[in-house]
Amino acid sequence: MTELRIDPDLCAGHGRCFDVAPDLFAEDEEGYGTVTVPRPEGRQLADARLAGRSCPEQAVLLT
Ligand code: SF4
């Protein structure tokens, strides 16, 4: 089971994750990314990986 998280110490609030994968991420009240689907599957997993590659801070973690 793959877990999707954002490292809050690395996230700088660029917003690429929720631009690239709005079904998996959202924006908190301060503009930082949050995960809405912590256990992505199938197509969601591909989108999660794409979001990870798009994050300039490498704050999107798939474990
Ligand atoms: S793209 Fe990366 S740095 Fe930007 S909000 Fe998402 S997790 Fe944070």
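**Exercise 1. Decide whether Gln58 is buried or exposed, and describe where in the chain and with what backbone angle this residue is found.**

Solution. Gln58 has a relative accessibility of 63%, and because a residue counts as exposed over 50%, Gln58 is classed as exposed. This value, like every other one used in these exercises, comes from a predicted model. The next step is to place the residue, and Gln58 turns out to lie in the loop between α2 and β4, the latter covering 60-62. The last step concerns the backbone, where phi of Gln58 is near 50°, a positive value in a residue other than glycine.

**Exercise 2. Place Ser54 in the secondary structure, classify its accessibility, and find which residues it is in contact with beyond its neighbours within four places in sequence.**

Solution. Begin with the element: Ser54 belongs to helix α2, which comprises residues 43-54. Its relative accessible area is 19%, and since buried means under 20%, Ser54 counts as buried. Now turn to the side chain, of which a polar atom lies 2.8 Å from the backbone oxygen of Leu50. Finally, when the neighbours within four places in sequence are set aside, Ser54 is in contact with Arg16 and Val20.

**Exercise 3. Follow the contact of Ser54 back to Leu50, and work out in which accessibility class Leu50 falls and how far its C-alpha atom is from that of Val20.**

Solution. Leu50, whose backbone oxygen was used in the previous exercise, is placed in helix α2. With a relative accessible area of 35%, Leu50 is partly exposed, because this class takes in what lies between the 20% and 50% limits. As for the distance, Leu50 and Val20 are 30 residues apart along the chain, while their C-alpha atoms are separated by 7.4 Å.

**Exercise 4. Leu45 is also placed in helix α2; determine its accessibility class and the residues it touches, not counting residues up to four places away in sequence.**

Solution. The relative accessible area of Leu45 is 15%, so this residue is buried. Once residues up to four places away in sequence are not counted, Leu45 touches Thr2, Pro40 and Leu62. A further comparison is with Leu4, which is 41 residues from Leu45 in sequence and 8.9 Å from it in space, C-alpha to C-alpha.

**Exercise 5. Contrast the accessibility of Ala21 with that of Thr34, and give the setting and contacts of each.**

Solution. Ala21 has 4% relative accessibility and therefore counts as buried, whereas Thr34, at 29%, counts as partly exposed. Ala21 lies in the loop between α1 (16-20) and β2 (25-27), while Thr34 lies in strand β3, residues 33-35. Leaving aside neighbours within four places in sequence, Ala21 is in contact with Asp47 and Ala51; with the same exclusion, the contacts of Thr34 are Ile6, Leu24, Phe25, Ala26, Glu27 and Asp28. Two C-alpha separations complete the solution: Ala21 and Arg39, 18 residues apart in sequence, are 14 Å apart in space, and Thr34 and Phe18, 16 residues apart in sequence, are 8.4 Å apart.

**Exercise 6. Describe the space that the ligand takes, and the residues that surround it.**

Solution. Consider the space itself to begin with: the one taken by the ligand is the largest cavity. Around the ligand there are 13 residues, of which Cys11, His14, Gly15, Cys17 and Cys55 come nearest. Sorting this shell by residue type then gives seven nonpolar, four polar and two charged residues.

How values were computed: Residues numbered from 1 in each chain as written. Predicted model: local features only at pLDDT ≥ 70, side-chain atom pairs only at ≥ 80, totals over all residues. Heavy atoms only, no water. Helix = DSSP H or I, 4+ residues; strand = E, 2+ residues; numbered from the N terminus. Buried < 20%, exposed > 50% of the residue type's maximum accessible area, 1.4 Å probe, protein only. Polar contact = N/O pair within 3.5 Å; in protein donor to acceptor, adjacent residues only side chain to side chain. Contact = heavy atoms within 4.5 Å. Near = heavy atom within 4 Å. 1 Å grid on protein atoms, 1.4 Å probe; cavity = no way out; pocket = protein on both sides within 12 Å on 5 of 7 lines; lining within 4 Å. Sits in = over half its atoms within 2 Å of the grid points. Nonpolar A, V, L, I, M, F, W, Y, C, P; charged D, E, K, R; others polar.
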